[in-house]
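The following exercises are meant to be worked through with the sequence and the coordinates open side by side. Each one sets a task and then gives a solution in steps.

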Amino acid sequence: MKPTSLRRFKGFALLSTLSVGALTFAATAQADTTVHAVMHSALRALDPVSSSATIARNHGYMIYDTLIGIDAEFNPQPQMAEWEVSDDGLTYTFTLRDGLTWHDGTPVTPADCIASLERWAAYDAGGKLIMDNTASLTALDDKRFALTLATPLGDLIGLLSKPSAIPAFMMPEDVASTAPGQPLPNQIGSGPFTFAADEFQPGVRVIYERFDAYEPRSEPPSGTAGSKEVYVDRVVWVHMPDVQTTVNAINSGDIDFIERTPFDLLPLLEGNPDITTDVLDPLGMLTVARMNFLHPPFDDARIRRAALLAMNQQDVLSALVGDPRYYQTCASIFGCNTALATESGGESLTSGGNLDEARALLEEAGYDQTPIVLLQPSDVATLAPQPVVAAQALRRAGFNVELRQMDWQTLVSQRANRNTPSEGGWNMMFTNFGVDSIWSPTINLLLISTGEEGGWFGWPTDPEMEQLRTDYAFAESEEQRKAMAEAIQEHAMEQTTFIPLGQFQNVTAWRNELSDVVEGPVPVFWGMQKNN
Amino acid sequence: MFSYFIRRLLMAIPVMLVVALAIFLLLRLSPGDPAVIIAGDMASPEQVASIRAALGLDQPIYTQFFIWIGNMLQGDFGTSLISQTSAMTMITQRLEPTISLAIAAIVFTVLISVPLGVIAAWRQGSWIDNLVMSVSVVGFSVPVFVIGYLVIQVFAIELGWLPVQGYRSLEDGFGEFARRLVLPALTLSSVYIALIARMTRASMLEVLKEDYIRTARAKGLGQRLILFRHALRNAAVPILTVIGTGFALMVSGVVVTESVFNIPGLGRLIIDAVLARDYPVIQAIILLTAGLYVVINLLIDLSYAVTDPRIRY
């Protein structure tokens with residue numbers, strides 16, 4: 001029974017004086033609905049702004065809200081605030097909507113939002129871009145605040161609405177004032193769920209309860225935009241380290257929802273009529289190889305390009321996913337099926353590679369058989385196959401490859417090592433990015449080309465790329481932005497800023513007691529209903 | 001016995017100090033930097049350095065060690081670097097599932113393995129002896145996770161008698177608590193049933209050849225009385241030793257069973273802590289486990305005097 005029909009039913013029952021029994025039934029029908037979900041990772045760090053972990057981002061969307069959401073078609077939409085832009089494109093006036101309160105009952109104010117934006121900018125490259133170009137950020141009254149830029153920034157709303165790495169979550173002013181490196185003093189947000197702090201067990205389970213005072217928007221839910229009305233009482237994220245146990249648990253009804261189902265265990269769920277399997281985020285993830293620009297041989301663009309020419313996406317995706325329903329070859333640095341997608345310059349990746357040209361480039365560059373060190377995380381199923389397949393492809397092209405196996409957290413430490421490979425550094429690593437976190441030049445971390453100052457691991461130095469990114473951010477029309485994005489794609493392929501190895505979708509599974517599961521780049525639990 | 005007890009407790013202090021020093025040094029010398037893990041994807045070397053300083057990881061190792069020991073002496077075992085939760089709180093949250101599982105497994109083990117070992121010794125060379133020994137070999141040989149998946153398939157999925165996973169606290173009611181412990185306890189005890197059944201059999205075989213057993217038989221005592229009062233009691237010392245160390249091993253080595261049955265215990269906590277380089281949590285768990293070993297060994301030694309009146313301290 002949907003809430004609207006439930007409310008009608010309650011009214012009818014009252015009017016017809018049959019209310020007592022009917023109300024009791026209605027109340028129990030909706031009482032104590034708890035969704036048990038197994039997410040892709042355990043939640044340990046609770047600050048979604050200082051942590052770039054996807055699970056921390058997902059936690060952020062449960063308890064915090066954003067000024068602007070993004071719908072399933074990647075269009076920014078008002079969420080906590082509506083906005084107006086001055087004719088000169090310099091002043092953005094945000095007006096908070098009515099009814100916004102923090103979980104402790106105090107109202108959301110412009111001062112809270114200003115402090116939150118400043119904290120966000122201290123951690124996020126997009127936020128920094130905005131703040132570096134901000135002339136003033138001031139409260140106008142108890143509902144409105146104005147952000148005035150030094151020069152027009154056409155992508156400002158896109159940056160404020162981005163759903164990944166790192167979304168601009170709003171926090172109370174005292175929480176947002178927490179010094180960098182310090183833990184947040186509490187988990188008070190203004191989002192649709194509250195955080196059950198007493199029941200939190202890091203790495204085991206986290207419990208969210210419906211925030212009854214939340215005033216949802218009237219539009220239907222879409223992505224991180226629209227109504228965030230919650231129809232269940234509690235959501236419990238349980239961490240299960242064993243994937244077989246997770247599958248057994250959903251089959252037996254112990255849990256209701258698996259965010260990412262292992263591809264090799266999908267047949268065990270697809271044969272169960274009580275379970276739905278579907279892709280909630282059609283854009284999925286782009287798997288990529290990243291080279292270290294600091295050390296030979298990948299400090300030479302020709303050798304980086306030779307590595308790209310050696311790769312065959314079909315081989316990588318077959319090993320990684322296996323089931324062709326859930327992957328596609330894609331040479332776009334922004335991911336395919338996105339507004340800015342173009343595969344220009346990456347044709348060899350999707351057509352089986354070009355070993356002859358790779359060998360010729362290696363010879364031209366005078367590659368001296370210096371071993372290249374590839375990092376392989378052996379304990380992450382979605383990252384373990386890529387280095388093995390890539391190593392074989394690189395060897396065929398003539399590279400001397402050393403595959404270094406380790407657990408993921410060791411890799412996380414080692415990839416930050418800027419020394420030479422013989423001193424603990426590396427030459428090539430692999431990772432997966434949600435397409436929602438790379439689909440434009442301003443949010444795509446892999447394109448930052450400022451070298452060791454602010455660049456992502458691999459640390460490319462490429463002033464031309466930086467200029468192209470800046471031009472994109474300050475472009476005034478969609479046509480201009482699209483043209484700039486195409487130029488960036490071609491330049492990235494020529495310089496081999498990174499190598500796209502293909503796109504794949506994660507499969508979500510849920511028991512049929514759940515309905516109205518919301519599609520989008522972030523797994524969300526508003527809009528969802530559960531029939532006990 | 002009291003002075004012996006005190007003496008043993010005092011002897012534990014240097015043991016714990018050596019363990020503390022060893023684990024501290026091992027962690028600091030192993031690869032991986034918690035500051036880098038905490039800092040995230042976009043951190044600059046300066047930000048990583050400031051996190052390292054905030055955590056005290058930029059201090060010389062000996063300074064870090066003495067700060068840690070000093071805090072511990074005041075009851076402060078540190079705070080998780082990752083979740084910012086007290087290490088002792090995290091351990092307390094995970095202790096109940098692990099201890100419950102270990103106790104249930106040791107109860108299963110004793111109830112099944114000791115009678116099997118006694119019977120096998122009593123009927124040495126018979127089909128029942130051969131059967132017990134063959135089952136022991138299987139118990140030793142099959143990995144715990146395989147046994148776990150097998151019992152889940154049979155008792156939880158096919159027959160539907162028991163839940164497939166999860167843990168319920170005793171506070172939520174004994175029935176559900178016990179139902180969820182049966183399969184993991186059975187799984188965990190499989191190796192120990194095999195080990196202790198063989199140990200009991202060997203020990204009993206030695207004792208059954210003794211003169212006083214022949215005398216007891218000559219006096220016309222019943223078989224049950226001879227086996228369980230005269231023989232088993234005299235064979236108990238090595239069996240108790242294995243049961244005691246088995247319990248300590250279960251507490252510190254249940255990680256596979258906890259993963260397969262999704263039990264949020266100490267085993268999983270230490271694996272998570274090691275993978276995240278969460279030094280305070282790892283150190284606290286290792287020290288706790290070492291302390292547990294010391295206490296259990298002491299209890300085993302004291303129990304000898306209870307089972308064998310000839311032993312006095």
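**Exercise 1. Establish the strand order, the pairing and the edges of the four-stranded sheet of chain A.**

*Solution.* The model is a predicted one, and the exercise begins with an open sheet in chain A whose four strands follow the order β5-β6-β8-β7, with antiparallel pairing. The next step is to find the edges, which are β5 (81-85) and β7 (134-139) of chain A, each of them paired on one side only. From one strand to the next, the twist averages 15 degrees.

One pair can then be examined in detail: β5(A) and β6 (residues 91-96) of chain A run antiparallel and are joined by five bridges. Within this pair, Glu82(A) is found opposite Thr95(A) in β6(A). The last step adds the helix that packs on the sheet, namely α4 (residues 110-123) of chain A, which touches β6, β7 and β8 (144-149) of chain A and whose direction makes about 150 degrees with that of β7(A).

**Exercise 2. Trace the seven-stranded sheet of chain A, and explain why β10 and β14 of chain A are each left without a neighbour on one side.**

*Solution.* The order of this open sheet in chain A is β10-β11-β12-β1-β13-β21-β14, and its pairing is mixed. At the edges stand β10 (193-195) and β14 (275-278) of chain A; each has a single partner strand, so one side of each lacks a neighbour in the sheet. Helix α3 (residues 54-63) of chain A packs on this sheet by touching β10 and β11 (205-210) of chain A, and its direction makes about 115 degrees with that of β10(A).

The mixed character can be followed pair by pair.

- β11(A) and β12(A) are paired in the antiparallel sense over five bridges, and the bridge partner of Ile207(A) in β12(A) is Val236(A).
- β1 (residues 34-38) and β12 (residues 234-238) of chain A are paired in the parallel sense, over five bridges, and Val35(A) has Val235(A) as its bridge partner in β12(A).
- β13 (residues 257-258) and β21 (residues 508-511) of chain A run antiparallel and are joined by two bridges, with Ala509(A) in β21(A) as the bridge partner of Ile258(A).

**Exercise 3. Describe how domain 2 of chain A meets domain 3 of chain A.**

*Solution.* First, the bounds are needed: the domain assignment of chain A gives domain 1 (15-63 + 191-278 + 507-530), domain 2 (68-173) and domain 3 (285-504). The C-alpha centres of domains 2 and 3 of chain A lie 32 Å apart, and 15 residues of domain 2 are in contact with 15 residues of domain 3 of chain A.

On the domain 2 side of this contact, the elements that give two or more residues are α5 (125-132) and α6 (156-161) of chain A. Of these, α5(A) gives the most, with three residues. By residue class, that side divides into eight nonpolar, five polar and two charged residues.

**Exercise 4. Characterise the crossing of helices α10 and α14 of chain A.**

*Solution.* The axes of α10 (residues 301-310) and α14 (residues 385-397) of chain A come within 9 Å and cross at roughly 115 degrees. Since angles of 65 to 115 degrees count as roughly perpendicular, α10(A) and α14(A) are therefore roughly perpendicular to each other. The handedness of the crossing of α10(A) and α14(A) is right-handed.

At the residue level, Ala306(A), Ala307(A) and Ala310(A) of α10(A) meet Ala393(A), Leu394(A), Arg396(A) and Ala397(A) of α14(A). These residues divide into six nonpolar, no polar and one charged.

**Exercise 5. Describe chain B, and work out which of its helices supply the side that touches chain A.**

*Solution.* Chain B has 13 helices and zero strands, and its C-alpha trace spans about 85 × 55 × 35 Å along the principal axes. Across the interface, 37 residues of chain B are in contact with 30 residues of chain A. At least two residues each come from α2 (34-39), α3 (45-55), α5 (87-122), α7 (144-158), α11 (255-260) and α12 (266-275) of chain B. The largest share, four residues, is supplied by α7(B). In composition, the side of chain B that touches chain A divides into 19 nonpolar, 13 polar and five charged residues.

Conventions. Residues numbered from 1 in each chain as written. Chains lettered and ligands numbered in written order. Predicted model: local features only at pLDDT ≥ 70, side-chain atom pairs only at ≥ 80, totals over all residues. Contact = placed C-beta atoms within 7 Å. Nonpolar A, V, L, I, M, F, W, Y, C, P; charged D, E, K, R; others polar. Pairing = 2+ DSSP bridges. Axes fitted to C-alpha atoms, helices over the stretch in contact; angles between N-to-C directions. Domains from an automatic or database assignment. Parallel < 35°, antiparallel > 145°, perpendicular 65-115°, else oblique. Left-handed = near helix turned anticlockwise from the far one by under 90°.
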